[in-house]
Each structure stands twice: as C-alpha cells, then as structure tokens.
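Here's a quick briefing to read with the structure open beside you. Let's start with one word of vocabulary and then walk through the fold, the core and the charges.

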Amino acid sequence: RESLFSSLPGIVFCPLAAGAEPAVPDQPTYPEAVVMAWLLGGQRSDLALDKAALQAAVPGPIQRVIHVQYPGAATLVNRGDFVSEMTVQTVVETSAGQQTIQWLLVEQRPTAEEKTSRWRIASAQRIE
C-alpha cells in the first residue's frame, strides 16, 4: 500500500546519478546531511553519540522530511574530542502529525585511525 505522503513534495536527499542504486551515504560530510542520514537511513548508531537517547527524543516512524534549517557556520568549541558544534532544526511528518526537532551536532577531532573529522549527533529534542 502506498504511503499517503508519497505523492506530496519533500526533500530529496542525495539525488541519484542515472543508474545508481538509492542509498544514504555511509559518512555524510555536513551536519545537516548527518541528520538526514539518521532520519532516512535507519537511525544508524554510528551517526550518534547516544542512539538510545535519540530514539526516545525523535518520534517515529518518519514519513517525510518537510524542512531542514541550520545556521551554515559551526561554533568552535575546541574541548576534548570535539572541534565545533552546530544546531540543525527539522520539521518532519509522522503518524502523530508534524514535529519540529532541534539537533545538536558535534564535530569529532580527526584521529590516527580516522584522518577526517566527522559530525555526530550529540542530542535531539522536540520543540513544541
């Protein structure tokens, strides 16, 4: 059975090249892409610092993403394993209606094993 929302406009994440298989990137580069990968890619634990806390904060299942907003510039924090942080806000459609969620992402410092910094979701909360 087709979803009620399948014919409505929505955000297309990582449009495909001709002949490519649909997929969510393994390691999204930008903070907003990490949030989209979490929402649309099966809530992978490698994208979050605490998957269980996020699952409690984010209603599911997500039927579509309506809006993504972020400031475009990260805030340098330079503490511990983190270089910077950024907030991302989404509006999603769920079976319970539209929900606004604010995400806090942190940029992890590169390591000897992982030569590139990676954004990870630190927390999320519903905004009423």
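Helices here are DSSP runs of H or I with at least four residues, strands are runs of E with at least two, and both are numbered from the N terminus. With that in hand, Glu32 sits in helix 1, and that helix comes up again and again below. This is a predicted model, so local features need a pLDDT of at least 70 and side-chain atom pairs count only at pLDDT 80 or more, while totals for chains, interfaces and linings use all residues. Residues are numbered from 1 along each chain as its sequence is written, and side-chain values use heavy atoms, with hydrogens and water left out.

**Overall picture**

- The chain has two helices and five strands, and reading along the sequence gives the pattern α-α-β-β-β-β-β.
- pLDDT is the predictor's confidence in each residue, on a scale from 0 to 100; its mean over the chain is 81, with 80% of residues reaching 70 or more.
- Be wary of residues 1–5, where the pLDDT is below 50. Beyond near neighbours in sequence, that stretch has three contacts in the model (a contact means heavy atoms within 4.5 Å).
- Of the chain's 128 residues, 34% count as buried. Buried means under 20% relative accessible area, exposed means over 50%, and partly exposed is in between, using a 1.4 Å probe and protein chains only.
- Take the contacts between residues at least 6 apart in sequence: 49% of them join residues at least 24 apart.
- About 7700 Å² of the chain is exposed, and carbon and sulfur atoms supply 51% of that. These areas come from the Shrake-Rupley method with a 1.4 Å probe; for residues, only the protein chains shown count as cover.

**Helix 1 and the core**

- Helix 1 is mostly covered, with nine of its ten residues buried. Among them are Pro31, Val34, Met36 and Trp38.
- Those buried residues pack against helix 2, strand 1, strand 3, strand 4 and strand 5.
- Just after helix 1 comes Gly42, with a positive phi near 90 degrees.
- A nonpolar core is a set of buried Ala, Val, Leu, Ile, Met, Phe, Trp, Tyr and Cys residues joined through side-chain atoms within 4.5 Å. The largest one has 22 residues, and Trp38, Leu39, Val58, Trp103, Leu105 and Ile121 touch the most other members.
- At least two residues of this core come from each of helix 1 (31–40), helix 2 (51–57), strand 1 (62–69), strand 3 (82–94), strand 4 (97–108) and strand 5 (118–127). Helix 1 gives the most, with six residues.
- What does Val58 touch, leaving aside residues up to four places away in sequence? Its partners are Trp38, Leu39, Ile101, Trp103 and Ala124.

**Charged residues**

- Which side chain of opposite charge is nearest to the buried Glu32? That would be Arg120, 12 Å away, and Glu32 has no salt bridge. Lys and Arg count as positive here and Asp and Glu as negative; His and the chain ends are not counted.
- Not counting residues up to four places away in sequence, Glu32 touches Val68, Tyr70 and Val88.
- A salt bridge is a side-chain nitrogen of Lys or Arg within 4 Å of a carboxyl oxygen of Asp or Glu, and a search of the whole structure finds two.
- One pairs Glu85 with Arg79 at 3.3 Å, N to O. Glu85 is partly exposed at 21% relative accessibility, and Arg79 is partly exposed at 43%.
- Another joins Arg118 and Glu114 at 2.9 Å, N to O. Arg118 is buried at 19%, whereas Glu114 is partly exposed at 33%.

**Spots on the strands**

- Arg64 lies in strand 1 and counts as buried, with 17% relative accessibility. Its C-alpha is 5.3 Å from that of Glu93, 29 residues apart along the chain.
- Val68 is also in strand 1 and is partly exposed at 22%. The C-alpha atoms of Val68 and Thr100, 32 residues apart along the chain, are separated by 9.8 Å.
- Asn78 is in strand 2 (residues 75–79) and is exposed, at 56% relative accessible area. Although Asn78 is not a glycine, its phi is positive, about 45 degrees.
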